[in-house]
Amino acid sequence: MTAHNIRVPLVQPGTRAELAEVEARIMAERGRVSLLYQVLLNSGPIASGWERMLTAVRNQTGVPADLRELMILRVAVLNGASFEYDAHVPHAQKAGVSDDKIEAVRQSALSNVFSPIERLVLELSDAMTRQVVVPDELMARVQEQFDAKGIVEVVATVAAYNMVSRLLVALNVAH
């Protein structure tokens, strides 16, 4: 799929004066205005709120980077968001996630290659993405591993990247 299949126009940075502030924040935080943000800039308030929320999820929580990236990759796979998966493989590698684990998140069943904590957050990702409702038994195991702040942060990570992947898929954003 190419940019011409995207269901909204791409907003080129610097073409709308009213977007200068949000574009500057995106550049400061991410170093570029990616294809995703060129889509989001069709709505300044959405682009602004999105940038703030996703910056908080990715860069301001206590969730270890390797666990965060595994959750993001898993959600992308489950939702068929290849753009998101491809965008986060380098982040996962930088966080120390092995190529075996990066490949294993693509399989429908969770592999034994994952550590117990990795498996737990991936089970949470699966439940939240596939069924929405998290079974009490699974949440009890999450509560054994994380304090209240950690629970909110891992759940918010999965929820946020479900939002990302679903927007990408609905609007045909792909490489």
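**Notes on an all-helix predicted model**

1. Let's start at one residue and work outwards. Leaving aside neighbours within four places in sequence, D126 is in contact with R74, L78, L110 and Q131. You will find D126 in helix α7. Its relative accessible area is 10%, so D126 counts as buried, the cut-off for that label being under 20%. Please keep in mind that this is a predicted model.

2. Now the overall fold. The chain has 9 helices and 0 strands, so the pattern read along the sequence is simply α-α-α-α-α-α-α-α-α. Taken along the principal axes, the C-alpha atoms fill a box of roughly 50 × 35 × 30 Å.

3. How does the radius of gyration sit with that of a compact globule? For 175 residues, a compact globule would come out near 16 Å, and the chain has 17 Å, which agrees. Buried residues make up 45% of the 175 residues. Of the contacts in the chain with a separation of 6 or more, 62% are between residues 24 or more positions apart.

4. A word on annotation. The UniProt record, an unreviewed entry, lists residues 48–123 as "domain: Carboxymuconolactone decarboxylase-like". In the model, that stretch is 70% helix and 0% strand, and its end C-alpha atoms are 31 Å apart. Annotations of this kind may be inferred rather than shown by experiment, so I would treat the name as the record's own wording.

5. On to charges. Side chains of opposite charge can pair when their charged atoms come close. A search of the whole structure finds 11 salt bridges, and a few of them are worth opening in your viewer. One of these joins E69 and R68, with 3.1 Å from N to O. Are these two residues buried or exposed? Both E69 and R68 are buried.

6. R141 and E123 also form a salt bridge through their side chains, at 2.5 Å from N to O. This pair links distant parts of the chain: R141 belongs to helix α8 (residues 136–145) and E123 to helix α7 (residues 116–131), 18 residues apart. R141 has 27% relative accessibility, so it counts as partly exposed. E123 is partly exposed too, because its relative accessible area is 23%. Helix α7, you may recall, is also the place of D126.

7. Compare that with a pair inside one helix. The side chains of E153 and K149 meet in a salt bridge of 2.9 Å, N to O. Both residues lie in helix α9 (residues 148–170), 4 residues apart, about one turn of the helix. E153 counts as buried, because its relative accessibility is 12%. Elsewhere, salt bridges that share partners join R119, E123, E137 and R141 into one network. The R141 and E123 bridge described above is between two members of that network.

8. Finally, the rings. How many aromatic pairs does the structure hold? The count is 0. There is, though, a charge placed over a ring: the charged end of R106 sits over the ring of Y85, 4.6 Å from its centre.

9. To pull the threads together: the predicted model is a chain of 9 helices and 0 strands, with 11 salt bridges and 0 aromatic pairs. If you have time for one view, helix α7 makes a good place to begin, since you can look at D126 and E123 there.

Technical notes. Residues numbered from 1 in each chain as written. Predicted model: local features only at pLDDT ≥ 70, side-chain atom pairs only at ≥ 80, totals over all residues. Heavy atoms only, no water. Phe/Tyr/Trp six-rings, centres within 6.5 Å; stacked < 30°, edge-to-face > 60°. Lys NZ or Arg CZ within 6 Å of the ring centre and 35° of its normal. Helix = DSSP H or I, 4+ residues; strand = E, 2+ residues; numbered from the N terminus. Salt bridge = Lys/Arg side-chain N within 4 Å of Asp/Glu carboxyl O. Buried < 20%, exposed > 50% of the residue type's maximum accessible area, 1.4 Å probe, protein only. Rg over C-alpha atoms; globule rule 2.2 N^0.38 Å. Contact = heavy atoms within 4.5 Å.
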